[in-house]
Structure formats: structure tokens, C-alpha cells
Amino acid sequence: MAEFQFQNDELELVEDYYETADFDDETFPFSEDNSSIPRTYNTSSGDDNDDSFGSDVEDDFDLVDIGKSKMDTTAGEARKGKDIQGIPWERLNFTRDKYRETRLKQYKNYESIPSHNSPSHLHKDCKQVEKGHNLYGFQFNTRLVKSSIVHFQICQGLTIATLAIMLYVLQTLNQIKRCHVSFNACRKLTYRGSGLTGNESRSAGSQYQLRNLLWATSKHDVYLLQNYSVMHWSALRRNTTEVLNAARPIVPTTESSRSLPQTLSRVQISTMSVKDNLLVAGGFHGELICKHLNQPDVAFSTKVTTDEDAITNAVDIVESSSGSKWVIAANNDAQVRVFDAANFICLNRFCFPWSVNNTSTSPDGKLMAVLGDSSECLVSDSNTGKVINTLKGHLDYSFASAWHPDGRVLATGNQDTTCRLWDIRNTSQSLDILKGRMGAIRALKFTSDGRFLAMAEPADFIHIFDTQSGYGKEQEIDLFGEIAGISFSPDTEALFVGVADRTYGSVLEFNRSRCMGYSEAIF
């Protein structure tokens, strides 16, 4: 049974635990050394006994532990047969292939809009692609830093209505003084495909859907969420640094009253973006945090809304058509807000008929794709919010979008397990439909040169398509665990993947295979 944890007068989020139906605990020893590995370290200064606002960073080992190399996997070790995630399959009573088979059979993709069509009916419309290509080869995996994904924990059997009643009763009993989870917010809770240590057929928690919690600003620099902290991972030095601790009080340095800055505390980050030396993070209660990476303090923080449906679903840092830099926040209250990144004044507020899960702006800054709790995707004028085109074809809610650098092709990812490609000059129907393996499409990224498109599912699978072949060549990266985010480096040389799992949570690095006929990778 999953749990609720009540703390700080708010509905807090706790990591669920998993149960297995086919494999008992004795045959499923996921921790390599359950007793000897330290679980936490604190990066805060001051009294060691005062951790009220200390870092929530957790790790599987001490930074100076001699077992550090054991926790990492290199390309050389992978070529010799080591699992790229470090999973000791040889010590388990089942093979990797057997566990993959079980996962594929048991995973159930959640549907907000139940489809009357069979999966085969959807598949026949999808593009037939050549699989098995090595477009990005495995380079390195580290468990020195673990990606995190926020989860609301509820029992699998609870319906949205039941959950709403439970929350109402708890509020009535004054057990929760402030609970910002309304009916619409509850719809953001989705059926969870379990990670390495679980089986969703018996019990399951629920997860927040959106997965933009990892960003690469170079082939050596990665930023990712780890509990309440945003961490910087140096792929070159192979060490971590805490960049933002959202558990502590956040006091913005911006003094302009026009930007309406607010002091925040204990923000549970739901989404983030890092670009041009600026970190932007959104929170579960409508928070927005902006921090320049070269400055120690937070430049701006506020709550963009007091609405109960306050979740900040997506944030983006874009260049407008006039050349100025914008911060764009999409919220569950069906609004998109545009801020000036120079002074953080709200420039525009656009309203839509449904909760907005994602926005992306065209390379010229003129158009904005708007996706959310609808099977339709919108293309609007980024300056006025006026809807220009409505994209029809998806069967369920949409979560992700990305523009090809040429500005002519828009990719949209949906809960119907597909990505659709649209020619923005003629949106009457999609150009192609790309199919996932088992779950919704939660993240989409083009390389800066437009050569590749990466597509991530909620768990286990990342797909890379070669656009030069008309998206006809595909590499499928097969992992175990929830995917917290994917990001290409700006120079296109590296692809980073964040995996959220209690034991094998990690950051994986894949490098671009310049010689397509030969790759040192096993995936």
C-alpha cells in the first residue's frame, strides 16, 4: 500500500515502495550491498545537528568511498559484458530478457480519454522504421547523482472521485490545513508502470506526468533534480555540486515591485529548464524560481497563481521574435504566462480551455505550440496568444512538443503512445506518426542541427530517430526505471538520460556515433 505523508501543514510527497508478484524478495536482491553503503550526505554548512533546511540530496555512497568505481559503468566495462546500469543479472534468478518480457506484459499505459480502438488499429497508421541503428553509443553511467521524479502516492484502486473525497474528509478533519490538490490536479496523477523493484499488477502509486527534470548545457555539464535540490553534474570531472536547494527559504534579490517577487520555502520542483546561464524551476503550488548560474542567490521567485490547480507543468527559456529573452510558464490553471527574463515582469497571460501541460516556441520566436488536457494541440501567435492552427489526430492528452531547427516541422507527444510530426505550413493532417514501445510520449528533443529526434516514454525506453532518413531509422535505448528527463548537448555530441530508481537511479551518457557503420556501444 502506498502512503500519504503529512508535514509542514501540506500534502507532502514520498517515494513509494514496490511489491513484486512474480519474484519474491529473496530472488530479487536489487541492492548490491544493502548494509554497507551510506544513504545520505549533507552539503549544507553550519551546525551538523541542524538539518531543518539542509540539503535533501541523497546518494548511494560517500563521495570518497572506495566503492565509487563500482557504482559507475564505463563503455569499456559494457563491452566486456557489464550491464550499463550496473544491474547484476548474473546474481538474479531470472535473465534480463525474462524481466523485460514480464515488464512489457504487465505495463499498462494510462488513458485519460479511453480509446475504443485496439492497439493494432493505432499501430497500422504508424511509420514503419528500421530499428537496431547505433546513432548514439553508450559512454558512461554514474549513480553518483540520482534523478528524482515527484510522486503523489495513492493506491492503484482509487478513482479520482474517491481521492477527491478522501482529500475533502482530511481537510474537514483539519489534518491538512492547506491542500492544493483539486479534482483537475488529481487528473495529473497517472497509473504508474513500476520501476526495477516493482510489479504494478499488485500495487502501484501514481506519478506526476511531466518529465523535464534534466538539462545539458554542454557535453560536460548536466543539471538535474535530486529531491529538493537542483544538482550540477560535471561529466568531465565526474562530480556533483548543489546549485539550488528549494527546501530552504528562497529570498529573491529582485526588488522591482512590478515583478511581484515573493519569498518561498520548501518548494517541490515539478519542472525545470536551463539555458543561457539561467535556471528556471516550477513548483507544485504554482511557484516560479529563476536563478542565474553564475550568481549565488536566486534572482526571482514568486507564486504565479493562487488557484487550487496551481501546478507549474512546464517552463521554458526562449528568444522572442524581437530578440529579447522570455521565461514562459504553463500551469494547470489553463494559463500560459510570459515573463521578461531581464526583469521578470509578466508581459502576457494567455488563457486556454484546458490545463496546459507543455509549450514550445518556434525557432524564429513567432509561434507557440500549446498542448494539454485535450486531444487537440494548438499553434498560437507567441506575442498575442491568438490561436492560428488546431492540430487534430492524437487520441488523448498531450505532454511534449519540440520544433525542428528549420522551423517547419513540429513534433508532439501524446498519451496515446505516439509522436506526430506536423508540417507547420499545412497542418490538415500529420506528416508521420512515430510509435513508442509501451507508454505515453513524455519528452521530445531535437538536436541543434536537426539531425536527430529523441523521444522518451515514462519508463524504460528512449527512441532516437534519424531525420535525414525521413525518420525511417531508429535506435531504441532499452533501460529499466522511470525516465526523469533527456537532453542533447548543444553541440549534438552527447545525449544524457536521467533514470529515477531507488537503487539504480543514475545519469547515463551516450555519445554521437560519427561512423554509423561501427559503434562501440552495446545499445
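## A buried aromatic residue to start

F352 counts as buried, because its relative accessibility is 9%, below the 20% at which that class ends. W354 belongs to the buried class too, at 12% relative accessibility. Both residues return below, where ring pairs are discussed. Please keep in mind that this is a predicted model.

## The protein as a whole

How many helices and strands does the protein have? There are six helices and 32 strands. Of the 523 residues in the protein, 60% are buried. The exposed area comes to about 21,300 Å², and carbon and sulfur atoms supply 46% of that area.

For contacts, consider those between residues at least 6 apart in sequence: 57% of them join residues at least 24 apart. Several of the side-chain pairs described next give concrete cases of links across the sequence.

## Salt bridges

Searching the whole structure turns up 20 salt bridges. One of them pairs R100 with D478, with 2.7 Å between the closest N and O atoms. This pair links distant parts of the chain, since R100 sits in helix α3 (residues 96-106) and D478 in strand β30 (residues 473-488), 378 residues apart. Are these two partners buried or exposed? R100 is buried, with a relative accessible area of 6%, and D478 is buried as well, with 11%. The pair also belongs to a network of salt bridges that links D83, R96, R100, R103, D460 and D478.

K275 and D316 form another salt bridge, and here the closest N and O atoms are 3.9 Å apart. Why does this pair tie together separate parts of the sequence? K275 lies in strand β11 (residues 269-275) and D316 in strand β15 (residues 312-319), so the bridge joins parts that are 41 residues apart in sequence. The two partners fall into separate classes of exposure: K275 is partly exposed because its relative accessibility is 31%, between the limits of 20% and 50%, whereas D316, at 13%, counts as buried.

The side chains of D466 and R451 also meet in a salt bridge, at 2.7 Å from N to O. D466 belongs to strand β29 (residues 459-466), while R451 is in the loop between β27 (443-446) and β28 (452-456); the pair links distant parts of the chain, 15 residues apart. Both D466 and R451 are buried.

## Around T302

T302 is found in strand β14 (residues 300-303). With a relative accessibility of 5%, T302 counts as buried. What does the side chain of T302 reach? One partner is the backbone oxygen of L260, at 2.9 Å. Another is the side chain of Q262, joined to that of T302 by a polar contact of 2.9 Å.

Leaving aside residues up to four places away in sequence, T302 touches L260, Q262, L264, G286, E287 and L288. L260 and Q262 are thus both polar partners and members of this contact list.

## Rings and charges

The count of aromatic pairs comes to 11. In one of them, the rings of F300 and F339 have centres 6.3 Å apart and planes at 50 degrees, so the pair is tilted. F300 lies in strand β14 and F339 in strand β17 (residues 335-340), so the pair ties together parts 39 residues apart in sequence. F300 is buried at 0% relative accessibility, and F339 is buried at 5%. F352 and W354 form a stacked aromatic pair, with 6.4 Å from centre to centre and 20 degrees between the planes. Ring pairs also link W89, F94, Y99 and F480 into a cluster.

Two arginines place their charge over a ring. R238 lies over the face of F140, at 3.6 Å from the ring centre. The charged end of R266 sits over the ring of Y228, at 4.5 Å from its centre.

Definitions and conventions. Residues are numbered from 1 along each chain as its sequence is written. This is a predicted model: local features need pLDDT of at least 70, side-chain atom pairs count only at pLDDT 80 or more; totals for chains, interfaces and linings use all residues. Side-chain values use heavy atoms; hydrogens and water are left out. A salt bridge is a side-chain nitrogen of Lys or Arg within 4 Å of a carboxyl oxygen of Asp or Glu. Helices (H or I, at least four residues) and strands (E, at least two) are DSSP runs, numbered from the N terminus. Buried means under 20% relative accessible area, exposed over 50%, partly exposed in between (1.4 Å probe, protein chains only). Contact means heavy atoms within 4.5 Å. Accessible areas come from the Shrake-Rupley method with a 1.4 Å probe; for residues, only the protein chains shown count as cover. A polar contact is a pair of N or O atoms within 3.5 Å; within protein, one must be able to donate a hydrogen and the other to accept it, and residues adjacent in sequence count only if both atoms are side-chain atoms. Rings of Phe, Tyr and Trp (its six-membered ring) pair if their centres lie within 6.5 Å; planes under 30 degrees apart count as stacked, over 60 as edge-to-face and the rest as tilted. A charge sits over a ring if NZ of Lys or CZ of Arg is within 6 Å of the ring centre and within 35 degrees of the ring normal.
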